[in-house]
Amino acid sequence: MTSTTLLVNGRVHSPSHPDATAMAVRGGVIAWLGGDDVGRSQFPGADVQDLDGAFVAPAFVDSHI
């Protein structure tokens, strides 16, 4: 089974979830976006990484980098 990483306490950019502060990643794929408390309850065994308010832009791809 692939492990899950839960990023919490961040500012996650997502037009569909504008208030997201947490993001779960499994196998290099975004599995979920939402709030910290809900994420912790949805993914109790996840490796939790505190973003300390950092900005996250999931799936942002720029060919100029």
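**R26 and its surroundings**

Visitor: Where does R26 lie?
Guide: R26 lies in strand 3, residues 22-26. Strands here are DSSP runs of E with at least two residues, helices are runs of H or I with at least four, and both are numbered from the N terminus.

Visitor: What kind of model is this, and how are residues numbered?
Guide: It's a predicted model, where local features need pLDDT of at least 70, side-chain atom pairs count only at pLDDT 80 or more, and totals for chains, interfaces and linings use all residues. Residues are numbered from 1 along each chain as its sequence is written, and side-chain values use heavy atoms, with hydrogens and water left out.

Visitor: OK, is R26 buried or exposed?
Guide: R26 counts as partly exposed because its relative accessibility is 37%. The cut-offs are under 20% relative accessible area for buried and over 50% for exposed, with partly exposed in between (1.4 Å probe, protein chains only).

Visitor: And what does R26 touch, not counting residues up to four places away in sequence?
Guide: T2, S3, T4, A31 and F43. Contact means heavy atoms within 4.5 Å.

Visitor: Which side chain makes a polar contact with the R26 side chain?
Guide: That's T4, at 2.9 Å. A polar contact is a pair of N or O atoms within 3.5 Å; within protein, one must be able to donate a hydrogen and the other to accept it, and residues adjacent in sequence count only if both atoms are side-chain atoms.

Visitor: Tell me about T4, then. Buried or exposed?
Guide: T4 is buried, because its relative accessible area is 11%. T4 sits in strand 1, residues 4-8. Beyond its neighbours within four places in sequence, T4 contacts A24, V25, R26, F43, A46 and D47.

Visitor: How far is R26 from T5, C-alpha to C-alpha?
Guide: 6.5 Å, with the two residues 21 apart along the chain.

Visitor: Switching topic: how many bridges join strand 3 to strand 4?
Guide: Five, and the two strands run antiparallel, with strand 4 covering residues 29-34. Strands pair if DSSP finds at least two bridges between them. One of the bridge partnerships is V25 with I30 in strand 4.

Visitor: What about the hairpin between those strands?
Guide: Two residues lie between the strands, and G27 takes a positive phi near 60°.

Visitor: Which order do the elements run in for the whole chain?
Guide: From the N terminus on, β-β-β-β-α-β-β, which comes to one helix and six strands. Of the 65 residues, 29% count as buried.
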